[in-house]
Structures are given as C-alpha cells and as structure tokens.
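Colleague: I am new to this, so could you walk me through a structure and tell me how you reach each description?
Modeller: Gladly, let us look together.

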Amino acid sequence: MSTATPPPLPRMDRMPALAMRGISKSFGKVQALTDIHLEVYPGEVVAIVGDNGAGKSTLVKILAGVHPADAGEIEFDGQPVQIPDPTASRSLGIATVFQDLALCDNLDVVANLFLGREIAAPALEEEEMERRAWELLRQLSARMPSVRVPIAALSGGQRQTVAIARSLIGDPRIVILDEPTAALGVAQTAEVLNLIERLRERGHGVVLISHNMADVQAVADRIVVLRLGRNNGDFLAPDVGYEDIIAAITGATEHARPMPDAPLPGPHPIRPTR
Amino acid sequence: MTAGIPTTPPSRVSTALADARARLTGGDLGSLPVVVGLIVIWGVFQALNPSFLSADNLVNLTLQCAAVGTIAIGIVLVLLLGQIDLSVGSVSGLAAAILGVGLTQLGWALGVAILVAVLAGAAIGLLYGALYTRFGVPSFIITLAGLLGVLGLQLKVLGPTGSINLPADSPIVLFAQSWFLPPWLAYALSAVWAGVVFLSAALRRRRRIRAGLPVGALGWQALRAGGLLALCVAAVAYLATDRGVGVMFVFFVVLVIVVDVALTRTVWGRQVYAVGGSVEAARRAGIRVDRVYISVFVLCSTLAAVGGLLAAGRLSSASLSSGGGDTNLNAIAAAVIGGTSLFGGRGSAWSALLGIAVIQSISNGLTLLSLDSSIRYMITGGVLLLAVIIDSLTRRSRAAHGQA
C-alpha cells in the first residue's frame, strides 16, 4: 500500500472519484431521498450532515450496495456504474465502515484486519499479515498497544481505528464513515479525526456522516446538508459558519436547492444554543 | 505511544511470566483449571486406591478416553460456532450398528463397512447443516430431533436381534483392544512430535525476523519442546512397563493435533473462530458463513461416527445400547470441562483430550473404589457444573478487565 502524497485541495476542474446525480429512493410510501446530488473528489473529506430522518443513512446504504437506488445515476471515475449489492460496492473501491464496526471481539487485531482476505499459502501467513498490519497502522499514525491483543481488550477509539484500517486493506478510492465518533470520548474522537486526515493525505475520498458539528468543521473540506431527503446546501468548509450549517439542517434557510413543494411553515431562524 | 514495530524484543522470561500473570488475572485461564483439576483428581484417587496410577490402569484409561474423546473433538468444533450437537451419541451408535451389521450379516469387507458408517455420519451432519442454514432452526432443536431420529435408525439397522458381536479377530477389534506401539516406535514418535514442534517454532521465529517483527528467545522454544519430549518419554516409559501405548489412543491424539492445526493455521479455522465470535461481522467480511456452519456440522457428525466405530471395536460389539447412556453427555461435558466456551469463539481442540481425561479418570477411579454408577453420575455432573461455572466466571472477569 503506497502512501500518496497529499493532493492539492479539491478543485472543480478535476474529475470527481464519485458522483451521484438525481438519486431517489423510497420505501413504500416513504420518500427517503429525492433528487440527491453528491460529488466526492479524491483526497477530499465530504461531510454529510442532517437531522434525524434526513436521509443520510439511506444515502450511505445506496453507496454500500445495501439498497439499490430507485432512480438516478452513479458515476465512478466518470463511468456510469450500478451498485446492486455490497460486493459490487466493494469491488468498485468503496469501503464502508458502519457504526457497529462489525469486528470479532474474540480475534486479535491482525485477524480482524485481514478477516475475509487472509494471506494464506495454504497455511496462514501470520508474519506477513502482522508486518502489513503494523505498516498500515504506522501510515495512519494509529495508536495501538499491540496487534496481538483481542479486539475486546481495546478502547472504543482503537476499535474504530481497527475498523477504519480494515476498510483500507483493499485500497479503496472512497471510504465512507458512518458516525465514527458517536460513542467516543474527547481524546478518542481526536484520534479518529486525526485518522480521517491521514486518509485524506493518502488520497482517499472520504464521506463522513456525523451529527457532531465540531467534528465536521474540524476535518471536512466540504459540507453537504440533507434535509427531508433533499439537498439543502453544499458549503466549502472554510467559508461557512456554524450557524449557517445549523440553519440549513433545520430548514431555517433554504440553501442551494430550494424545495419546490410542501414548504414547511415557520421561516424563523432558530438560534442554536451553545 | 505511536504504533511502530517495537525495537526492543519483549522476549525475556520475566516478560513472558508477566504476560502469563496478566492473562490469568484478566480471566484468560486457557487450560490451566482443567490441568490443575486433573492433577487434583489423580492425587485424590491415588490416595484412596494405590492401584489408580498403576501402569495397567493408566493404559486402560488411555483406551477408555479414545472413543468418547474423538466424539468430543466434534463437539468442540460446534461449540466454537456457539452451536450444539445433542445427537452425537445416537450417530456413534448408528455407526456401530452399521459396522456390526455390515461385517456379520452383509459380509462387507471391513474397509467398506467403515466407509459406509463414516459416510452415514457425514450425511447426517450435512442434513443438520442444511436445515440450520436454510431454515434457521436452532441447532439445539435440530439435533434433539436428530437424537431421536438417528436412534430409531440405529434400532432399524440392528434389526430384531438387537445385539451383534464383532468377530474377535477383526482388525478393528484388535486395533481398539490389543494393538500397542512397540516402545521404540513410541519413543520415535515422541521425538518426531517434539522435533516438529521445535522446528515449526524456529521457522516461525525466522520468518518473524525476516519480516522485522519482535521475536522471543529461541531457548524458550527449545525449553518447551524439550519439556514436551520429556513428558512423552516419561509417559511412554511408564506405560511400557505394562502393555504400552495403545494404537487407538495414538490415533485419537493425532486427530486432536490435526484438528488443532486446522483451527489455528488455516483460513477455515480462522473463519470458524470468526463466526463463533460474531456471525454478522464474519458475514460482512465476506466469509461464506453457511459453508462454515455446514462444514462444522459435517465434521462433528463424522467424528461422532468415527468415535462410535472405536467404541464398537473396544467393546467388540454393536448393540441397542451403543452410543446410548452417557456417551452423549460425556462428550459434551468433556469439551466444556476441557475449557471450550459454551458461548462460542473460544476453545481449542486440546480441550477434548483434557476434558475426556478428567471424565474418564473420575469414572475409572470410582469404579476402582467399587462405587456404583449412581455416585459416578452425580460426581461427573458436579464437575461439569464446576467447569461451566468457571467458564461463566472467567467470561465475567474478562468483561471486568475490558476483554469480554
């Protein structure tokens, strides 16, 4: 696995690694996503924020191949693609780290990193896997006491690190992180945010789903706001203030794409309490 | 501390001891309780009856272990997945019945009879695996149904006579009763085993050095292999004062070693532990979980059939009671007493050997004291309960130390 040199900040004249256009998805009568647009460039951290029920998880699941989209196009490196199932997502180069991490507590770090992709000929090559595990963790500047302890012995931040590191084993183009800091303490959150910056330096496109505005503003290059299943703002992180994002999330202001139908009452700007 | 390959190899004996202590207080007891328990049991029985540790009795003990021990290996596998197979006794009885009927009534060659019996076991396991993966019925229920169904099949195969004596000169009877390794061969096998253990440790150490990973002292590995050799040689020398090391016991130990290597050194073994630890995580990692389940159910029933053949050979008969009585529960109890967790994902093939040694020691010792089976059952039950309590306590201790 080669360490990419830090790419320049994403520019709109480069080709996005991933582009979603006009994505819609409904579950029965519930319209979860309507006409969603999303672009992710290599070496860019895109945060997707929104209130509960805004469609963040559905969007992630479409990318991960858990649910196929009803309508719309997905382009990967400029080529139109279909993502009918999780395997297709993985082989395209999309790695998804779900909130529950999906690690085996009884296995050690090395075994978890290479689970389902063991190096074996035909006996397990533990030494090669252990060497690569250290290499990968070192590239991510990750803190880990040992790679031979069971996952059960690790802290929440370290488990998150293992889960993220595991997603990198297949050298994906896009890494999707679903609420990676949700259950973590302050120090562990900082650790994971650091890790996200390492991912950007390595040239992965990162999609970060988060509720935590402080985390989002700390690492994101671009912030995409979803509201009631629609795009409701696309900000470059340095240009936007906390209140603007909150306003877009709550619908106090109708940003980039005003909603054509069913406007909600109450255009009073809501002041966030800090 | 930043992750990186530690430059100082943490290899000193003192660190090894500190590691061991940390593991023990952290609740990772491994096979320590059962080894301690075995020593205590042997001490008590030896004090009560001096002939318990006689070479003659220990040779008997090794032969008594082999059949149910082989069945217990299969139980270890299903327990690693967090499943259970309650029908191993019936399957072993069916295998015995097929062997008996095949040899005496149908005139099959021994090889054919063994093959048919083992294949029948494998087919039953395949059925369990298919039912489990297709319908998601708990294995407890599937194999409970199997216990009854296969018992019926056993009675059907045996027919009205109900009991068949195997020809006393049949190789399988000789194999189970009267074939013993000549001492030189037993010593040679011990040396080969210790040599392979040392060689594989040394090779692994060299690969680790090549990969730039920290290594332990080679002397430590030599000490372990030497200890193994000394133990084997002492055991062989002592048993050789009587009949020697039974071929059937060696067969059992080799099976344990083969399964242990498969569990710890192959992708399949890694998948078994992964599925036992978290099915969902294993599935999302791209492991074909269904195949793992089916392979383990097939192996368990196959090993049960092999155990039934060994038992039939040892008793030189197949009857209605083959695989009945306490066979089932002894096999399951052996796996648990040996240290395989009922909760899945933790355990080793060696727990079959250690566990069955405990159970047969109790049974054998109480028989020597001419206590009847009522007491034997109660004491075995108590030991099983103790083992399960230790399993639960260590699990809780692991949770308390953040290692659950």
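**How the words are earned**

Colleague: Which residues of α10(B) and α11(B) meet?
Modeller: This is a predicted model. In it, B:Ala262, B:Leu263, B:Thr264 and B:Arg265 of α10(B) meet B:Trp268, B:Gly269 and B:Val272 of α11(B). By class, the contact holds 4 nonpolar, 2 polar and 1 charged residues.

Colleague: What makes B:Gly269 count as polar here?
Modeller: Gly is placed among the polar residues, so B:Gly269 in α11(B) goes there.

Colleague: Why is α10(B) called roughly perpendicular to α11(B)?
Modeller: Helix α10 (residues 247-265) of chain B packs against helix α11 (residues 267-277) of chain B at an angle of about 75°, with the axes 5 Å apart. Angles of 65 to 115 degrees count as roughly perpendicular, so α10(B) and α11(B) earn that name.

Colleague: How do you know that B:Ile75 touches B:Val88?
Modeller: Two residues are in contact if their C-beta atoms, placed from the backbone, lie within 7 Å. B:Ile75 touches B:Val88, and also B:Asp85, B:Cys300, B:Ala331, B:Ile332 and B:Ala335, leaving aside residues up to four places away in sequence.

Colleague: Which residues have the most contacts inside the largest nonpolar core?
Modeller: They are A:Ile176, A:Leu208, B:Ala72, B:Ile75, B:Leu99 and B:Leu309, in a core of 181 residues. Helix α3 (residues 55-80) of chain B gives the largest share of this core, 16 residues.

Colleague: How many residues does each chain bring to the contact between A and B?
Modeller: Chain A brings 28 residues and chain B brings 31 residues. On the chain A side, the largest share, 7 residues, comes from helix α4 (residues 126-139) of chain A.

How values were computed. Residues are numbered from 1 along each chain as its sequence is written. Chains are lettered from A and ligands numbered from 1 in the order in which they are written. This is a predicted model: local features need pLDDT of at least 70, side-chain atom pairs count only at pLDDT 80 or more; totals for chains, interfaces and linings use all residues. Helices (H or I, at least four residues) and strands (E, at least two) are DSSP runs, numbered from the N terminus. Axes are lines fitted to C-alpha atoms, for helices over the stretch in contact, and angles run from 0 to 180 degrees between N-to-C directions. Angles under 35 degrees count as roughly parallel, over 145 as roughly antiparallel, 65 to 115 as roughly perpendicular and the rest as oblique. A nonpolar core is a set of buried Ala, Val, Leu, Ile, Met, Phe, Trp, Tyr and Cys residues joined through C-beta atoms within 7 Å. A residue is buried if 20 or more other C-beta atoms lie within 10 Å of its own, exposed if 12 or fewer, and partly exposed in between; C-beta atoms are placed from the backbone.
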